[in-house]
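Visitor: I'd like to go through this one label by label and hear what stands behind each word. Can you put it on screen?

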Amino acid sequence: MEISISTVKGKGPITVFRIAGEISSYNYQALEEEARQSHAEGMRDLLIDMANVTFVSSGGIRALTVILKLLHTAAPKDNDEEKSKESQGSAASQFPHLKLVNVPRRIHEIFKIAGVDALLAIYDDFQKAVDSF
């Protein structure tokens, strides 16, 4: 797995992780560690571009839920409530600081089977994902 990190401008700065390869039980800790390090450096919103991800194991799903919790528990509550009103009932309203984009169909099916698609806001278009923050 390779992770390239950049920042794009949305309503505020959005950290983008572009992942290539497999997110497996052998390397998911690297994804968690990158998120922890970026968070320690001030990351608040994270967009994970999965266009070049070829496989996600249960370890990869674990990493996504760890990142979800990291960003959710560290977020100011008043801003979350404001965003929640804007998009009630969606994954984006419950966990507005982590979004996925360009998830391959096969991996999206894995997320559905595991039930994590209900927790993750998933977009097909990069700009729409950025605009959703």
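Guide: Let's start with the burial words: buried means under 20% relative accessible area, exposed means over 50%, and partly exposed is in between, with a 1.4 Å probe and protein chains only. Keep in mind that this is a predicted model, where local features need pLDDT of at least 70 and side-chain atom pairs count only at pLDDT 80 or more, while totals for chains, interfaces and linings use all residues. Residues are numbered from 1 along each chain as its sequence is written, and side-chain values use heavy atoms, with hydrogens and water left out.

Visitor: Why is Arg-62 called partly exposed?

Guide: Its relative accessibility is 39%. That falls between the 20% and 50% limits, so partly exposed is the label.

Visitor: What makes the contact between Glu-32 and Arg-62 a salt bridge?

Guide: The term asks for a side-chain nitrogen of Lys or Arg within 4 Å of a carboxyl oxygen of Asp or Glu. Here the N to O distance is 2.3 Å, so the pair qualifies. The pair links distant parts of the chain, with Glu-32 in helix H1 and Arg-62 in helix H2 (residues 58-74), 30 residues apart. Salt bridges that share partners also join Glu-32, Glu-33, Arg-36 and Arg-62 into one network.

Visitor: How do you know that Arg-36 belongs with Glu-32?

Guide: Their closest N and O atoms are 3.5 Å apart, so they pass the 4 Å limit. Both residues lie in helix H1 (residues 28-40), four residues apart, about one turn of the helix.

Visitor: Which of the burial words fits Glu-32, and which fits Arg-36?

Guide: Glu-32 is buried, with a relative accessible area of 5%. Arg-36 comes out at 38%, so partly exposed is the word.

Visitor: How many salt bridges are there in the whole structure?

Guide: The search finds four. One of them joins the side chains of Arg-18 and Asp-49, at 3.7 Å from N to O. Arg-18 is in strand E2 (residues 13-23) and Asp-49 in strand E3 (residues 46-56), 31 residues apart. Arg-18 is partly exposed at 34%, whereas Asp-49 is buried at 9%.

Visitor: What makes something a helix or a strand in this numbering?

Guide: They are DSSP runs numbered from the N terminus: H or I over at least four residues for helices, E over at least two for strands. On that basis the protein chain has six helices and five strands, in the order β-β-α-β-α-α-α-β-α-β-α.

Visitor: How do you know that E1 and E2 pair?

Guide: Two strands pair if DSSP finds at least two bridges between them. Strand E1 (residues 2-9) and E2 have eight, in the antiparallel sense, so they pass that test. Ile-3 stands opposite Ile-19 in E2, and the two strands form a hairpin with three residues between them. E2 and E3 pair over eight bridges too, in the parallel sense; Gly-21 has Val-53 in E3 as its bridge partner.

Visitor: Why are E1 and E5 said to stand at the edges?

Guide: The sheet is open, with five strands in the order E1-E2-E3-E4-E5 and mixed pairing. E1 and strand E5 (121-123) each have a single partner strand, so one side of each is left without a neighbour in the sheet.

Visitor: Why does Thr-15 count as buried?

Guide: Thr-15 has 11% relative accessibility, so it is under the 20% limit. Contact means heavy atoms within 4.5 Å. Leaving out residues up to four places away in sequence, Thr-15 touches Ile-5, Ser-6, Thr-7, Met-43, Asp-45, Leu-46 and Leu-47.

Visitor: What is notable about phi of Asn-102?

Guide: Phi is near 55° there, a positive value in a residue other than glycine. Most residues other than glycine have a negative phi. Asn-102 sits in the loop between E4 and helix H5 (105-114) and is partly exposed at 24%.

Visitor: And Pro-96: buried or exposed?

Guide: Buried, with a relative accessible area of 3%. Pro-96 lies in the loop between helix H4 (91-94) and strand E4 (98-101).
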